[in-house]
Amino acid sequence: MIQIQLTLYSESGKYRPMSTIVEVESIAYYNVHKQEILNRAIQRISVQRKMDIWVMKKYGYTKLKARVYDKGKIEQENKERYERIKEERGWK
């Protein structure tokens with residue numbers, strides 16, 4: 001099982017993105033059942049935010065992006081970014 005983070009963006013950029021994590025069997029399964037998974041993610045975001053789908057559309061939440069969610073990789077990238085910032089600002 002892999003985790004995929006699906007993020008819903010507002011077209012206008014006026015509102016902050018909303019995201020959720022969905023577990024799928026594999027990338028191949030995701031590619032075959034993409035629309036079903038996207039609909040499930042939108043439904044999950046709607047429930048988490050206590051917001052109907054028509055309200056999300058009203059606010060312009062129509063762009064959707066997906067990425068593989070690897071927590072270890074994300075933590076490593078954040079550590080590297082923090083170290084780079086410390087060096088740039090002379091904190092080290």
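This is a short tour of a small sheet, a helix packed on it and a salt bridge. You're looking at a predicted model, where local features need pLDDT of at least 70, side-chain atom pairs count only at pLDDT 80 or more, and totals for chains, interfaces and linings use all residues. Residues are numbered from 1 along each chain as its sequence is written, and side-chain values use heavy atoms, leaving out hydrogens and water.

Start with residues 2–10, strand β1. (Strands are DSSP E runs of at least two residues, helices H or I runs of at least four, numbered from the N terminus.) β1 pairs with β2 in the antiparallel sense over 7 bridges; pairing takes at least two DSSP bridges. Pick Ile 4 and you'll find Val 22 of β2 opposite.

Now show the whole open sheet: 3 strands, ordered β2-β1-β3, with antiparallel pairing. β2 (18–24) and β3 (61–68) are at the edges with a single partner strand each, so one side of each has no neighbour in the sheet. Neighbouring strands are turned by 25° on average, direction ignored.

Next, select 34–48, helix α2, which packs on the sheet and touches β1, β2 and β3 (contact is heavy atoms within 4.5 Å). Its direction makes about 130° with that of β2; axes are lines fitted to C-alpha atoms, for helices over the stretch in contact, with angles from 0 to 180 degrees between N-to-C directions.

Last stop: helix α4, residues 71–89. Lys 86 and Glu 83 sit 3 residues apart there and form a salt bridge, closest N and O atoms 3.4 Å apart (the cut-off is a Lys or Arg side-chain nitrogen within 4 Å of an Asp or Glu carboxyl oxygen). The whole structure has 1 salt bridge.
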